[in-house]
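Got the viewer open? Load the model below, and we'll go from the outside in.

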Amino acid sequence: MAAAAPAKRPQLYKALDKCINRGRFNGWWSLLLLPYTPFGLLLIGLRLCMSLQVILMLLLVPDGKLKRFMLRISLAILGIIVTTEGKNKTPKVFVANRLSYIDNIVLHLSASCETITLEGTPPYPVTFLFSHRSLNNTDDDSLSDLLSSELNGCVDYTPLAVQPEPSPTNGSAVLKLRSWPFMIGCSIQPLAISAYRLWPVAITRASSSGWWDLFWTLFVPFTFFHIRFLESSEISEEESVEDFAVRTQRDLATGLKIRALVAGRDDIDKWLKDPPQLVVPVTQRPPSMPNGPVIPISEYKQMSRGAEGATASPQASPEIEAMVQQVTAVMPHVPHNAIRQDLLSTRSVDMTITNIIEGRVKYTSIPTLHETTDRASVSSGANVSGGVSSSSSLFGGSRSRSVHLSLQRQMSLDERKKLLLEQSRKRYVEKQGHP
């Protein structure tokens with residue numbers, strides 16, 4: 001009896017596989033850590049001794065530009081290099097994406113603010129030295145009331161930096177933001193955080209802890225963080241708190257040039273219980289043509305993938321299908337399967353259109369009615385030219401005319417493709433109502 005095929009994982013889980021690391025080491029490059037391990041442990045010991053000077057500086061030196069400059073140098077010695085971009089407009093609340101449990105060090109250094117997290121707690125020295133509060137198991141309404149009374153009730157306030165994402169990511173997507181920071185009723189400035197390492201060690205992973213993130217930060221030579229201050233914004237009268245949160249999520253994704261995913265805490269908990277399965281493909285012998293040679297294996301694989309993509313489409317609800325029609329009205333040259341696949345991850349028409357325009361959605365353009373008419377006219381012209389060339393083949397001009405016609409047709413198709421993309425951008429801008 002044949003074994004039952006494994007259940008198909010949701011498209012959202014496949015997107016989470018790419019933006020959240022299940023493990024800290026990926027690839028055979030991690031083998032380089034074996035000879036480096038003695039040096040890494042020695043580096044941790046030296047940096048722990050140097051951290052005593054950082055602690056004394058934070059406790060004795062008053063707040064100001066001098067203290068931030070000394071702290072930046074000290075953190076660079078500890079392996080944390082921070083760069084900033086943009087203008088700090090000193091709002092009451094900063095909203096940042098989440099990369100690890102040591103982000104609050106970077107936020108405190110770059111924005112001179114107090115950081116707050118609701119899920120997960122950084123190591124105690126970090127929370128004590130870098131103005132951090134962990135408000136775990138607090139509902140959104142109570143938290144917004146508490147912070148609103150603190151910020152709106154005093155003149156001399158310290159800005160707050162919050163990270164409302166449900167889980168740290170590897171920097172390839174922005175997850176759904178919780179709504180509590182947007183209920184405070186004040187201006188918000190998004191902070192786009194990006195980070196990378198020269199060593200094959202992830203900054204964090206799923207179900208990690210703050211102590212492990214700090215350990216591996218001290219273990220590797222350097223970790224580079226870049227903070228970009230985006231334009232601040234306020235909630236408008238006609239939009240809800242949820243819409244304001246979605247707009248801020250889209251601003252963060254656009255600033256980082258990554259995609260936005262509608263994935264909450266419940267989705268991530270279910271994703272953790274459903275790891276991807278390794279599927280071994282079954283070897284197939286390429287078929288032969290009835291009256292011709294055997295099809296090359298590379299061409300046969302392309303034909304198989306094309307047929308599978310044309311027949312198998314993900315299950316979508318009527319709401320998704322309605323969104324597909326809205327996107328198709330703006331970009332008729334994009335196949336429905338590509339639009340539907342991205343909508344299953346974003347759940348937003350605007351985000352999917354943005355992903356298509358910025359090239360994050362891979363697809364093969366389909367001809368529109370205008371292209372089909374032009375192609376038919378070119379084809380009829382090719383037939384006429386073919387008849388003339390066949391009658392003049394005795395004079396040796398058929399081959400040169402056919403090559404010229406092929407090049408002319410290819411140039412016209414490329415020009416129409418560029419024109420179609422520009423028209424799609426124009427329709428998208430007009431639909432949004434802003435340049």
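Start with the surface: the protein chain exposes about 24800 Å² (Shrake-Rupley, 1.4 Å probe, only the protein chains shown counting as cover), and carbon and sulfur atoms supply 60% of that. Bear in mind that this is a predicted model, where local features need pLDDT of at least 70, side-chain atom pairs need pLDDT 80 or more, and totals for chains, interfaces and linings use all residues. Residues are numbered from 1 along each chain as its sequence is written, and side-chain values use heavy atoms, without hydrogens and water.

Next, select L42, L46, M50, L66, F69, M70, I73 and I77: together they make a nonpolar surface patch of about 760 Å². Patch members have over 30% relative accessible area and no salt bridge (a Lys or Arg side-chain nitrogen within 4 Å of an Asp or Glu carboxyl oxygen), with nonpolar side chains (Val, Leu, Ile, Met, Phe, Trp, Tyr) joined within 5 Å. Helices α2 (33–60) and α3 (65–77) each give two or more residues; helices here are DSSP runs of H or I, at least four residues, and strands are E runs of at least two, numbered from the N terminus. Click on F69 in α3: it counts as exposed because its relative accessibility is 53%, and the cut-off is over 50% (buried is under 20%, partly exposed in between; 1.4 Å probe, protein chains only).

Now go inside and pick L71. Along with L191, L71 has the most contacts inside the largest nonpolar core, which has 35 residues. Such a core is a set of buried Ala, Val, Leu, Ile, Met, Phe, Trp, Tyr and Cys residues joined through side-chain atoms within 4.5 Å. α2 gives the most to this core, with six residues.

Key
Patches are made of residues with over 30% relative accessible area and no salt bridge: like charges are joined within 9 Å, nonpolar side chains (Val, Leu, Ile, Met, Phe, Trp, Tyr) within 5 Å.
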